[in-house]
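Trainee: Could you take me closely through one part of this model, the packing of its buried side chains? Please keep it plain, and say what each residue is up against.

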Amino acid sequence: MGKVILIGPLTKDVIRFGKTTLNSVGGSIYYAGEAFHKFGDSVTIVPFLSLENKHLLRHFSNKINVKPVYVETTFNFENIYPSHNVFNRRQRILTTHSFGKGITIKQLSNINFGDADLIFLGPQSHIDIPAEVIDYINNYNKNICLYTQGFFRSFTKDKIEEKKWDDDYKYLKNVKFLIISEGKLNGLTKKKIISEARSELVKM
């Protein structure tokens with residue numbers, strides 16, 4: 001059994017299937033944290049959310065250690081599925097949590113990173129977890145896993161738009177495990193063959 005710390009925004013999601021509307025909690029730290037827990041790992045989750053949405057924390061399993069960081073607002077997404085095909089989805093952003101402010105080292109000062117086997121970082125946007133915070137975590141010489149989705153998107157009013165990850169080297173230098181789609185990997189490395197893209201990524 002390993003010890004895993006997961007850091008990133010918790011999201012408040014509205015899910016629409018046809019005429020059915022559901023309210024749900026989300027974010028990569030939520031789903032990954034629950035998965036690690038079910039595999040028997042000792043899990044600590046550091047979710048970013050507003051104090052107003054503190055009630056969302058009750059969705060975590062009782063045996064998961066939750067250490068919330070309260071921020072201005074909670075990410076709020078709307079996911080629209082015209083059919084029951086989960087790959088056919090339209091997504092809107094209703095609110096973002098940061099308004100230009102990422103998490104700070106001071107806000108993570110009570111987290112015992114030295115006790116972890118793996119540190120999972122799950123930003124929803126490119127500003128959520130600044131590079132200097134990852135530098136700080138890397139000082140503990142722990143395995144860092146980065147979920148990259150947030151670095152490839154920007155928010156304009158209620159629209160979610162794809163963007164280029166321009167300063168990737170600042171983050172990748174400290175990361176041992178990367179979660180990234182094949183398309184984004186090809187774009188990041190400029191290699192279309194997956195084996196070549198992986199090799200190029202290792203050089204970064």
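Mentor: The buried residues of α2 are covered by several elements, including β1 (3–9), β9 (118–121), β10 (143–147) and α3 (168–172). The model is predicted. Helix α2 itself spans residues 131–138, and its buried residues include Ala131, Val133, Ile134, Tyr136 and Ile137. When you look at their spacing, keep one rule in mind: an α-helix has 3.6 residues a turn, so residues three or four places apart point the same way.

Next, the aromatic rings. The structure holds 14 aromatic pairs. One of them joins Tyr30 and Tyr31, edge-to-face, with 5.1 Å from centre to centre and 75° between the planes. These two residues fall into separate accessibility classes: Tyr30 counts as buried because its relative accessibility is 15%, while Tyr31, at 48%, counts as partly exposed.

Another pair is formed by Phe152 and Trp165, also edge-to-face, at 5.5 Å centre to centre with 80° between the planes. This pair links distant parts of the chain, 13 residues apart. Phe152 lies in the loop between β10 and β11 (153–156), and Trp165 in the loop between β12 (159–162) and α3. Is each ring buried or exposed? Phe152 is buried, since its relative accessible area is 8%. Trp165 is buried as well, because its relative accessibility is 3%. For both, the test is a value under 20%.

Phe152 and Trp165 also belong to one aromatic cluster, together with Phe151 and Tyr171. The ring of Phe152 has a charged partner too: the charged end of Lys184 sits over that ring, 5.8 Å from its centre.

Finally, a charged residue in a strand. Glu78 belongs to β7, which covers residues 75–81. Glu78 counts as buried because its relative accessibility is 6%. What does its side chain meet there? One polar contact, of 2.5 Å, joins the side chain of Glu78 to that of Arg16. A polar contact with the side chain of Arg92 is likewise given as 2.5 Å. Leaving aside residues up to four places away in sequence, Glu78 touches Val14, Arg16, Arg90, Gln91, Arg92 and Leu94. Both arginines that make the polar contacts, Arg16 and Arg92, appear among those neighbours.

Technical notes. Residues numbered from 1 in each chain as written. Predicted model: local features only at pLDDT ≥ 70, side-chain atom pairs only at ≥ 80, totals over all residues. Heavy atoms only, no water. Helix = DSSP H or I, 4+ residues; strand = E, 2+ residues; numbered from the N terminus. Buried < 20%, exposed > 50% of the residue type's maximum accessible area, 1.4 Å probe, protein only. Polar contact = N/O pair within 3.5 Å; in protein donor to acceptor, adjacent residues only side chain to side chain. Contact = heavy atoms within 4.5 Å. Phe/Tyr/Trp six-rings, centres within 6.5 Å; stacked < 30°, edge-to-face > 60°. Lys NZ or Arg CZ within 6 Å of the ring centre and 35° of its normal.
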